[in-house]
Amino acid sequence: MAKPVRIAIIPGDGVGGEVMSEALPCLDWARSRGRSMETISLPYGASHYLATGETLPEAAFAQLRDRCDAVLFGAVGDSRIPDGRHAEEILLRLRQGLELTVNYRPCRPLMPGHGPDLDIEVFRENTEGPYCLQGSTEPGRAVDLAIHTEPAIRRLLQAAFQRAATRSRPLTLAHKANVLKHGHGLWVRVFEDLRREHPGVAARAMHADALLCALVQDPTAFGVIAADNYLGDLISDLCAAYLGGMGVAPSISWAPHRPFRCSALAEPVHGSAPDIAGKELANPVGMILSTALLFRHLGWKAEADALEGAVKDALSDGAKTPDLGGTLTTAAMGRAIRDRLPS
Ligand code: GGG
């Protein structure tokens, strides 16, 4: 019998727990169809940090890295910890410590007639750039360092080129090498290298400001977009706005070079949304679609297709949370989706 896939579950803060509660029954449903899986629930987040002083302890991280195959993550961020220390030490630690270079954020309409007919896949580098948390603050002067390394850039761009080639989609690199001459200069050089190796891909590098302008004017002109950590974060949030906002946007990150057993982390694009936390107002679609991305990553294609289909069917039938103009609670939306899953 195949070894069960082991998935670490970290709901995190704010709406993270509420949307995770709607994803967990989707794991049970995959199990009921014969998918062999173990889950391990981990308590890390703001409340655990305030109660114990622990963010993500080294031993727990090492266990997760070496004994789990993937992480299903909710969201982090809590106003009781204004410097966001726990969020950095949990989420950025997972992304960087597991070397999850590729963050994949697909943006496609979830129901007919819902926004422009776009088909964009953002490949965001997930471990470097200005999100390396190095810098300094003195009176009247602050420095944020941005680190870009060729191995990470190459891994991210290789994944983007492969995807563009497989789907015959155009590929655009977003950069600002005209001002960020060192870091983004390296991005453009690696991109040009890979462009020569992939003559069949319609690939171009664009200044990010011009790209954003073109993306607003005609999002259907884009296919795969590759970017560093910072630009990828901004561009994918703009794309999410075309589909109904952050509540419906999924993501998965992976380590193409598989340095550890745990090589993927699926999480909604949204954060902990403290303004609506505890009110059952959060949209679980981003979380559930991230679960579908995890199924696809594990090779469970039938389950991934069925879960994505159930989300589309529920939305097309009018099941919506308040962010999309509906009245359903988080739990009712989760149920509406699960009711449309095949047995
Ligand atoms: N699932 C993505 C996530 O949790 N991001 C962290 C974040 O943006 N935190 C800030 C916040 O939620 O306000």
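Visitor: Hi! Is histidine 184 buried or exposed?
Guide: Hello! In this predicted model, histidine 184 has 3% relative accessibility. That makes it buried, because the cut-off for buried is under 20%.

Visitor: Nice. Which helix is histidine 184 in?
Guide: Histidine 184 sits in helix H6, which covers residues 183-197.

Visitor: And what does histidine 184 touch?
Guide: Leaving aside residues up to four places away in sequence, histidine 184 is in contact with His148, His175, Lys176, Ala177, Asp228 and Leu231.

Visitor: His175 caught my eye. What is the bridge partner of histidine 175 in S9?
Guide: Its partner there is histidine 207. Strand S8, residues 171-175, pairs with S9 in the parallel sense, over five bridges.

Visitor: What does the sheet look like, and in what order do the strands come?
Guide: It's an open sheet of 10 strands with mixed pairing, and the order runs S2-S1-S3-S12-S11-S4-S5-S10-S8-S9. Strands S2 (37-41) and S9 (203-207) stand at the edges with a single partner strand each, so one side of each has no neighbour in the sheet. From one strand to the next, the twist averages 20°.

Visitor: Switching to helices: how do H10 and H11 cross?
Guide: The axes of H10 (residues 301-316) and H11 (residues 330-338) come within 8 Å and cross at roughly 115°. The crossing is right-handed.

Visitor: Which residues make that contact?
Guide: H10 brings Leu307, Ala310, Val311, Ala314 and Leu315, while H11 brings Met333, Ala336 and Ile337.

Visitor: How many of those are nonpolar, polar or charged?
Guide: The contact of H10 with H11 has eight nonpolar residues, no polar ones and no charged ones.

Technical notes. Residues numbered from 1 in each chain as written. Predicted model: local features only at pLDDT ≥ 70, side-chain atom pairs only at ≥ 80, totals over all residues. Heavy atoms only, no water. Helix = DSSP H or I, 4+ residues; strand = E, 2+ residues; numbered from the N terminus. Buried < 20%, exposed > 50% of the residue type's maximum accessible area, 1.4 Å probe, protein only. Contact = heavy atoms within 4.5 Å. Pairing = 2+ DSSP bridges. Axes fitted to C-alpha atoms, helices over the stretch in contact; angles between N-to-C directions. Left-handed = near helix turned anticlockwise from the far one by under 90°. Nonpolar A, V, L, I, M, F, W, Y, C, P; charged D, E, K, R; others polar.
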